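Open the model in your viewer and keep the selection tool at hand. Each stop below says what to select and what is there.

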Amino acid sequence: MTLQNITTHATAHDAVTHLKTLYQTSVTQLQADLQSYLADKTKPSKAMRAEGRYCYPKLIVTWNGVDEDDDGDTPVLGHRHPFVNRAFARFSRPGVYAGSITRPDLYGDFIEEQIELMQKDYDITIEVGLSDQEIPYPYVLDGADLDLNSVSAVDLARFFPATELALIGNEVADGHEVRNADGSHPLSLFDGLRSDFSLARLKHYTGTPAEHTQGYILMTNYHRYVDVFVKYALEQLQDPDSPYTALSCCGNLLITRDTENPLELIANSPWRKHQMPAYHLLAPNRQGITLVNIGVGPSNAKTITDHLAVTRPQAWLMIGHCGGLRPSQSIGDYVLAHAYLRDDHVLDDVLPVEIPIPAIAEVQVALQQACVEVTGENPDQLKRRLRTGTVVTTDDRNWELRYSLSAIRFSQSRAVAIDMESATLAAQGYRFRVPYGTLLCVSDKPLHGELKLPGQANHFYERAISEHIDIGIKTMDILRDAGSRLHSRKLRAFDEPPFR
């Protein structure tokens, strides 16, 4: 199959409009043919499929470099770059950049932003056509009113495009594949197939529509943080000056300022059925805040960020509990991670442990500033209960039982805290070019005899959680004001796709 119906566009808006038309046409045709097959076993036309009947649209951006007039007569194509003082919407080299696009209704604003930024600095050509990737039928079932009970998935896969795992991966993000099959460079980290796969998984894991995921994401490892976040969200919805418009909860529950008995509805929602329930405090242009209770462990942390990454968030932060490793710490103290000791093992094959995970300065400053503003303490006072340093992330919840094997490594790293998620989330942020940070709260000190016992835990929770969440929310407010400066160039590799 070759690219179909290539059209050149002068503006990003026109290109996105065309992408939406092509995508919706493919979806409508796939849904209609599924309906015909379910009704009377009418098989789709092979010839029409070959012409791209079910294909994702494709966006092509070409930059031919800069013409350098060396002798006044003969223009020479050079690799000189315009000065671009940002980490994204820039080219690593001249060439053709392309990628299949899904859900332009969801990604349209993002695509427009990236193209418009590039148009300011580069002389580019923008083209739209049909790709050679077909949309798998499971991704068009929502809202199609199709009864699949009379047919098996195996039967449907014989005649309709299905999900093929061999075609889905993170090769571009991991730097293993820097060319498309047609010789063009990837336009973004994720193509249509990879994005659709993760959007579906997000709905499954979080119990909420993937399109409700906001640009600023908090992750926690205790459900009590959810209770405090929900209370804050409901207060915001009743504030006429608040920028937030609704709260999206598990079970497709959407709470607005006019919803009656919202707490009861949320409490009775089916959040327990979902592995990592999410709560989205919605604002225009995805400028709101998402909270995901990722549970405990690096496997969960990797799983959810594999999928959250395709939404291209502005930042994600870990706001959770940890064990304090220093005798000077007290229960309820904070730990601001400046470095990570990765003992989680879930990413060792794709991001070796010897690769440093740098702190993102803009995030660190925002977390520190938020702590000062929320606690009301000046920096000198705050130092008494805010420790900066290395956080160890382990995959062994009972690490205390093998402490003698870990003691030297922990000591050499100068670690101040230990948890099971933070380094994984930071490594995934580094891997997927999403700014990241960690602020933990000390819930126990296992090395010093202060264990997390039931009575002590309840007192700690009541005292610390509300302030901790407030700091996380305030940090997101600060990062939102920072805008594009948040995206550090230290997250970008030598040969990067142009899109953020």
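Select D419 and show what surrounds it. D419 touches H321, C322, V391, V392, T393, T394 and L440, leaving out residues up to four places away in sequence; contact means heavy atoms within 4.5 Å. This is a predicted model, in which local features need pLDDT of at least 70 and side-chain atom pairs count only at pLDDT 80 or more, while totals for chains, interfaces and linings use all residues. Residues are numbered from 1 along each chain as its sequence is written, and side-chain values use heavy atoms, with hydrogens and water left out.

Stay on D419. Its home is strand β16, residues 415-419. Helices (H or I, at least four residues) and strands (E, at least two) are DSSP runs, numbered from the N terminus. Which side chain of opposite charge is nearest to D419? R397, and it is 11 Å away. D419 is buried yet has no salt bridge. Buried means under 20% relative accessible area, exposed over 50%, and partly exposed in between (1.4 Å probe, protein chains only). A salt bridge is a side-chain nitrogen of Lys or Arg within 4 Å of a carboxyl oxygen of Asp or Glu. For opposite charge, Lys and Arg count as positive and Asp and Glu as negative; His and the chain ends are not counted. The side chain of D419 does reach the backbone nitrogen of E421, at 3.5 Å.

Now turn to the salt bridges. The structure holds 18 of them. Select D174 and R431: their side chains meet at 2.8 Å, N to O. D174 sits in the loop between α4 (153-159) and β7 (185-186), and R431 in helix α12 (residues 422-432), so the pair ties together parts 257 residues apart in sequence. D174 counts as partly exposed, at 21% relative accessibility. R431 is buried, with a relative accessible area of 6%. Add K302 and D306 to the selection: D174, K302, D306 and R431 are linked in a network of salt bridges.

Next, pick E496 and R433. The closest N and O atoms of this salt bridge are 2.5 Å apart. E496 is in the segment after α13 (454-482) and R433 in the loop between α12 and β17 (436-444), so the pair links distant parts of the chain, 63 residues apart. Both E496 and R433 are buried.

For a bridge within one helix, select D477 and R480. The closest N and O atoms are 2.9 Å apart. Both residues lie in helix α13, three residues apart, about one turn of the helix.

Move to helix α5, residues 192-206. At 1.5 Å a residue, its 15 residues should span 21 Å (1.5 Å times one less than the number of residues). The end C-alpha atoms are 21 Å apart, which agrees. Eleven of the 15 residues are buried, including L193, F197, L202 and Y205. At the start of α5, a side-chain oxygen of D191 comes within 3.3 Å of the backbone nitrogen of L193. After α5 comes G207, with a positive phi near 75°.

Finish in the cores. A nonpolar core is a set of buried Ala, Val, Leu, Ile, Met, Phe, Trp, Tyr and Cys residues joined through side-chain atoms within 4.5 Å. Of the 121 residues in the largest one, L59, I111, M219 and L247 touch the most other members. Helix α6 (residues 224-237) gives the most to this core, with nine residues. A second, separate core of 21 residues includes L30, Y37, I135 and F197.

Methods
Polar contact = N/O pair within 3.5 Å; in protein donor to acceptor, adjacent residues only side chain to side chain.
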